[in-house]
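Reader: I'm new to this structure and would love a close look at just one part of it. Could you pick a strand and walk me through what surrounds it?

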Amino acid sequence: MYADWDASTARQGRALDALLTAGLGPGPHAVLDSACGIRTQALDLAALGHRVTGADLSPVSVTRAAREAGRRALALPVVTADMRALPFEDAAFDAVVCADNALPHLLTAEEVHTALAETLRVLRPGGLLLLSTRPYDELRRTRPRSEAPHVREGADGRTVTFQLWHWHPDGERYRQAGFRDTRWYAPQDSGFHQPVLAARRPAP
């Protein structure tokens with residue numbers, strides 16, 4: 001996926017660190033990497049001094065992230081967890097990162113809303129969500145929508161048919177979940193490889 005994995009993840013970490021600083025002030029900050037995968041962003045944020053916790057639905061990914069953290073001698077607590085039911089106390093984090101198109105893979109609009117509500121719950125008042133996703137609004141404008149299933153030939157020669165679903169929340173859905181001060185950063189502005197939404201849990 002990347003010509004140089006370590007260099008790419010370091011760039012991603014620096015880009016997210018700059019957005020955290022812009023939104024919250026100088027760190028370190030307590031950050032949840034929700035849907036952390038195999039540690040693409042979590043470890044490089046930890047290497048920059050943030051107190052990062054990783055969570056992912058996949059036990060295999062969580063194990064790989066923990067192993068890589070150990071190899072690099074970085075503190076990275078990781079848990080197997082569903083973003084729709086996060087096992088953390090209210091207001092536990094200064095920021096939540098949800099990167100690499102994770103949120104739109106949920107299957108219904110209701111599940112997206114539940115995940116956003118859980119994210120809001122674990123953020124402290126004034127806390128920041130950084131969510132990266134493909135630019136679906138632009139894709140909807142420039143590409144025709146197709147309901148046709150995807151068909152390909154499997155490794156054993158049999159035909160495999162599958163349907164892809166993505167729920168891309170628009171700005172109103174973030175507001176319905178309770179987020180405010182939403183702002184999109186394009187890759188050329190943030191240095192991150194996908195558009196990034198910054199949104200805030202309102203302070204009382």
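Author: Let's take strand β4 and work outwards from there.

First, some ground rules. This is a predicted model, with residues numbered from 1 along each chain as its sequence is written; local features need pLDDT of at least 70, side-chain atom pairs count only at pLDDT 80 or more, and totals for chains, interfaces and linings use all residues. Side-chain values use heavy atoms, with hydrogens and water left out.

Strand β4 covers residues 93–98, and 6 of its 6 residues are buried. Buried here means under 20% relative accessible area, exposed means over 50%, and partly exposed is in between (1.4 Å probe, protein chains only). Strands and helices are DSSP runs numbered from the N terminus: E with at least two residues for strands, H or I with at least four for helices.

Now for the neighbours in the sheet. Two strands pair if DSSP finds at least two bridges between them. Strand β1 (residues 30–34) runs parallel to β4, joined to it by 3 bridges, and there Val31 sits opposite Ala95. β4 also pairs in the parallel sense with strand β5 (residues 123–132), this time over 5 bridges; Val97 has Leu130 of β5 as its bridge partner. Together with helix α4 (residues 109–122), β4 and β5 make a right-handed β-α-β unit. Right-handed means that, with the strands pointing away from you, the path from the first strand over the helix to the second runs clockwise.

Zoom in on Ala95, which lies in β4. With a relative accessible area of 0%, Ala95 is buried. Contact means heavy atoms within 4.5 Å. If you leave aside neighbours within four places in sequence, Ala95 touches Leu20, Leu24, Ala30, Val31, Leu32, Leu123 and Leu128. The C-alpha atoms of Ala95 and Ala199 are separated by 9.9 Å, although the two residues are 104 apart along the chain.

At the start of the strand you'll meet Phe93, which counts as buried at 7% relative accessibility. Rings of Phe, Tyr and Trp (its six-membered ring) pair if their centres lie within 6.5 Å; planes under 30 degrees apart are stacked, over 60 edge-to-face, and the rest tilted. A search of the whole structure turns up 1 aromatic pair. The ring centres of Phe88 and Phe93 are 5.2 Å apart with planes at 90°, so this pair is edge-to-face. Phe88 counts as buried too, at 17% relative accessibility.

Next, the charged side chains around the loop before β4. A salt bridge is a side-chain nitrogen of Lys or Arg within 4 Å of a carboxyl oxygen of Asp or Glu, and by that rule there are 9 salt bridges. One of them links Arg84 and Glu111, whose closest N and O atoms are 2.7 Å apart. Arg84 lies in the loop between β3 (78–80) and β4 while Glu111 is in helix α4, so the pair ties together parts that are 27 residues apart in sequence. Arg84 is partly exposed at 27%, and Glu111 is partly exposed at 22%. Arg121 and Asp90 also meet in a salt bridge, at 2.8 Å from N to O. Arg121 belongs to helix α4 and Asp90 to the loop between β3 and β4, so here the parts tied together are 31 residues apart in sequence. Arg121 is partly exposed at 23%, whereas Asp90 is exposed at 53%.

Finally, the nonpolar packing. A nonpolar core is a set of buried Ala, Val, Leu, Ile, Met, Phe, Trp, Tyr and Cys residues joined through side-chain atoms within 4.5 Å. The largest one has 26 residues, and Leu32, Leu103, Leu116 and Phe179 have the most contacts inside it. β4 is among the elements that give two or more residues to this core, along with β1, α4, β5, α6 (171–177) and β9. Helix α4 gives the most, with 5 residues. Phe179, leaving aside neighbours within four places in sequence, is in contact with residues including Leu116, Leu120, Tyr174 and Ala199. There is also a second, separate core of 22 residues, which includes Leu19, Val31, Leu128 and Phe192. Val31 and Leu128 may ring a bell: both are among the contacts of Ala95.
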